[in-house]
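Here is a look at the empty spaces and the ligand surroundings in one protein model. Have the sequence and the 3D view open as you read.

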Amino acid sequence: MSPNAYAQAALPKRLQHFVDGQFIDSADSFPNISPIDGSELSQVAEASKDQVDAAVRAAKRTQDGVWGSLKVSERADWLYRIADGIQARFDDFVAAEVADTGRPVSQARSLDITRGIANFRTFADLIRTANSEFYETSTADGGEFINYVTHKPLGVVGVISPWNLPLLLFTWKVAPALAMGNCVVAKPSEETPTSATLLAEVMRDIGLPPGVFNLIHGHGGNAAGEWLTQHPDIDAITFTGESKTGSAIMKAVADGVKNVSFELGGKNAAVVFADADFEAAVDGVLSSSFTNAGQVCLCSERVYVERPIFDRFVVALKAKTEALKVGSPYDEGTTTGPLISKGHREKVLSYFRLAVEEGATVVTGGGVPSFGNVCDDGAFVQPTIWTGLPDTARCVTEEIFGPVCHIAPFDAEDEVVNRVNDSAYGLAACVWTSNLTRGHRVARQIETGIVWINAWFVRDLRTPFGGSKLSGFGREGGRHSMDFYTEATNVCVRIG
Ligand code: NAD
Ligand code: 6OD
């Protein structure tokens with residue numbers, strides 16, 4: 001399909017909750033606004049506290065009576081059916097993701113929806129092949145024992161996800177939670193409710209037992225999100241979003257001592273050594289700073305370039321940034337869509353103003369593009385590069401979450417490691433160098449959950465994913481997801 005064809009897709013105009021196998025509406029609703037042109041895409045039901053409670057009760061009943069007692073192979077088969085169901089409606093999902101976020105069609109196709117499918121297949125494969133720990137134990141009195149570990153579901157898992165990679169991040173948590181035998185009550189971001197609604201349609205259409213997957217729409221604070229975290233029958237919360245929301249959720253779950261997994265914000269660095277493959281590093285930083293209009297938690301907003309190549313790097317990145325095509329995702333060749341909303345654009349533009357006040361040199365961008373068409377009512381900003389700020393500037397220390405990076409020179413390896421680590425966040429970093437010994441050495445010293453060397457955003461779903469400091473705690477992915485979504489129980493058996 002051409003990009004333009006996705007603009008014609010018939011998407012639901014009233015988005016409802018999916019509770020106990022049924023779509024249900026609410027008295028209250030809110031508009032889902034297009035970031036591309038400001039038009040209203042749909043009305044979204046706003047869950048009441050009773051509806052959140054009904055979803056949790058359905059999940060608990062089903063977990064106890066149905067889902068928790070299925071064989072591993074049966075659960076894996078269901079996950080494969082869900083993946084196949086998304087695959088069968090691939091273009092609907094692409095259309096939903098593009099409409100809600102304005103991201104390029106090519107990205108929705110190659111990343112978002114493809115990963116949504118892979119998330120279900122990966123965790124189906126994992127539970128089919130997972131092995132367990134086993135130990136032989138002798139005691140001083142001559143006893144012989146074996147120990148083995150079983151993994152039991154937690155019960156009901158609450159999933160709360162953000163708007164920046166809607167289906168990818170929603171399914172990154174729904175899939176392992178279901179795979180491990182939990183039932184789920186999931187709340188997507190109020191900014192991007194459509195692909196989660198299509199996923200509920202898939203669940204219904206494949207005949208997933210009612211109550212296994214429950215979807216509630218609504219806002220976060222003093223609304224569906226908060227009520228979910230406070231519900232006594234929720235056994236764990238898995239959350240992706242802002243660090244300050246993570247902090248509010250931690251307080252909400254404290255009384256119930258619930259398990260939490262947090263994937264939070266970042267202020268990620270890219271380090272370019274003078275020995276790096278220059279073109280690869282420029283292209284890599286272009287991607288890591290501007291993909292999804294900079295709205296990926298893994299994006300590099302701080303770029304450190306070794307002094308001998310600093311000026312040349314700034315010139316090269318400026319040229320490639322100015323060649324990005326900002327505009328409607330329905331136009332052929334668009335590389336950069338809008339921000340998620342005008343509200344978020346206000347936040348990003350406030351940093352654009354602040355950077356100038358803090359003394360930045362604006363290498364490129366710094367404003368709002370003009371189109372002369374409906375996109376002038378959208379939430380676009382220009383991809384922006386700054387230089388000249390001290391490491392202590394707010395624009396260099398605070399997460400902006402837009403298409404922007406600050407480039408600073410450095411002189412020595414130790415110095416740059418210290419500057420990278422001098423951050424309240426600890427999510428991801430990239431190192432660009434042709435000296436792999438140095439690459440490994442630097443990676444070991446960087447205080448983040450992920451370090452890429454000569455790469456960015458390459459994901460093997462078996463690897464641990466997560467951050468440190470304000471970027472969260474807990475790791476998900478492969479066996480690490482099994483650790484979070486199950487209760488490990490040791491069984492100790494006398495054999496002699
Ligand atoms: P957000 O924290 O504002 O919202 C995320 C979700 O939390 C939404 O569904 C929202 O409704 C809900 N929520 C808000 N307040 C709540 C409350 N008090 N109780 C319960 N739920 C509540 O985040 P966002 O603006 O949607 O997403 C952008 C942020 O997410 C950025 O900071 C980004 O770095 C971060 N993020 C991190 C990762 C990661 O893997 N570390 C991935 C993606 C995004
Ligand atoms: O790839 C993933 O599994 C993941 N959680 C990515 C997060 C991206 C942040 O925006």
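What volume does the largest cavity have? About 80 Å³. Before going on, some bookkeeping: this is a predicted model, in which local features need pLDDT of at least 70, side-chain atom pairs count only at pLDDT 80 or more, and totals for chains, interfaces and linings use all residues. Residues are numbered from 1 along each chain as its sequence is written, chains are lettered from A and ligands numbered from 1 in the order in which they are written, and side-chain values use heavy atoms, with hydrogens and water left out.

**Cavities**

The general idea is simple: rolling a probe the size of a water molecule over the atoms shows where empty space is left. Here the work is done on a 1 Å grid over the protein atoms alone: a cavity is a set of points where a 1.4 Å probe fits but cannot get out, a pocket is an open set with protein on both sides within 12 Å along at least five of seven lines, and lining residues have an atom within 4 Å of a point. Grid points are joined across faces, edges and corners, and a volume is the space filled by probe spheres set on the points.

By that recipe the structure holds five cavities of 30 Å³ or more. The largest one is lined by Arg115, Leu165, Leu168, Leu169, Trp172, Glu263, Val296, Cys297, Leu298, Phe457, Arg459 and Phe465. Helix α5 (residues 166-179) gives the largest share of that lining, three residues. (Helices, H or I of at least four residues, and strands, E of at least two, are DSSP runs numbered from the N terminus.) By class, the lining has nine nonpolar, no polar and three charged residues. For these classes, Ala, Val, Leu, Ile, Met, Phe, Trp, Tyr, Cys and Pro count as nonpolar, Asp, Glu, Lys and Arg as charged, and the others, Gly among them, as polar.

Where does the largest cavity lie? Between domain 1 (3-264 + 471-492) and domain 2 (268-461), because both give residues to its lining. The domain bounds come from an automatic or database domain assignment.

The second largest cavity has about 60 Å³ of space. It is lined by 14 residues, and Lys267, Arg302, Val420, Tyr425 and Thr448 are the closest to its centre. β13 (268-272), α13 (413-421) and β18 (425-426) are the elements that give two or more residues to this lining. Its classes come out as five nonpolar, five polar and four charged.

**Pockets**

The largest pocket has a volume of about 750 Å³. Of its 35 lining residues, Pro162, Phe239, Gly241, Glu242 and Thr245 are the closest to the centre. α8 (243-254) is among the elements that supply at least two residues of the lining, and α8 gives the most, with five. The split is twelve nonpolar, 14 polar and nine charged. Domain 1 and domain 2 each contribute at least three residues to the lining.

About 310 Å³ lies in the second largest pocket. Its lining counts 21 residues, with Ala7, Leu11, Leu41, Ala99 and Tyr330 nearest the centre. β5 and α3 (90-101) are the elements giving two or more residues. Here the classes are eleven nonpolar, six polar and four charged.

**Ligands**

Around ligand 1 there are 29 residues, and the closest are Ser161, Glu190, Thr245, Leu264 and Glu399. A residue is near a molecule if one of its heavy atoms lies within 4 Å of it. Ligand 2 is surrounded by residues including Asn164, Trp172, Cys297 and Phe465.

The table gives polar contacts, meaning pairs of N or O atoms within 3.5 Å; within protein, one must be able to donate a hydrogen and the other to accept it, and residues adjacent in sequence count only if both atoms are side-chain atoms.

| Residue (atom) | Ligand oxygen and distance |
|---|---|
| Glu190 (side chain) | ligand 1, 2.6 Å |
| Thr245 (side chain) | ligand 1, 2.7 Å |
| Gly220 (backbone) | ligand 1, 3.5 Å |
| Arg115 (side chain) | ligand 2, 2.9 Å |
| Asn164 (side chain) | ligand 2, 2.7 Å |
| Arg459 (side chain) | ligand 2, 2.7 Å |

Some names recur: Thr245 is among the residues closest to the centre of the largest pocket, while Arg115 and Arg459 are among those lining the largest cavity.
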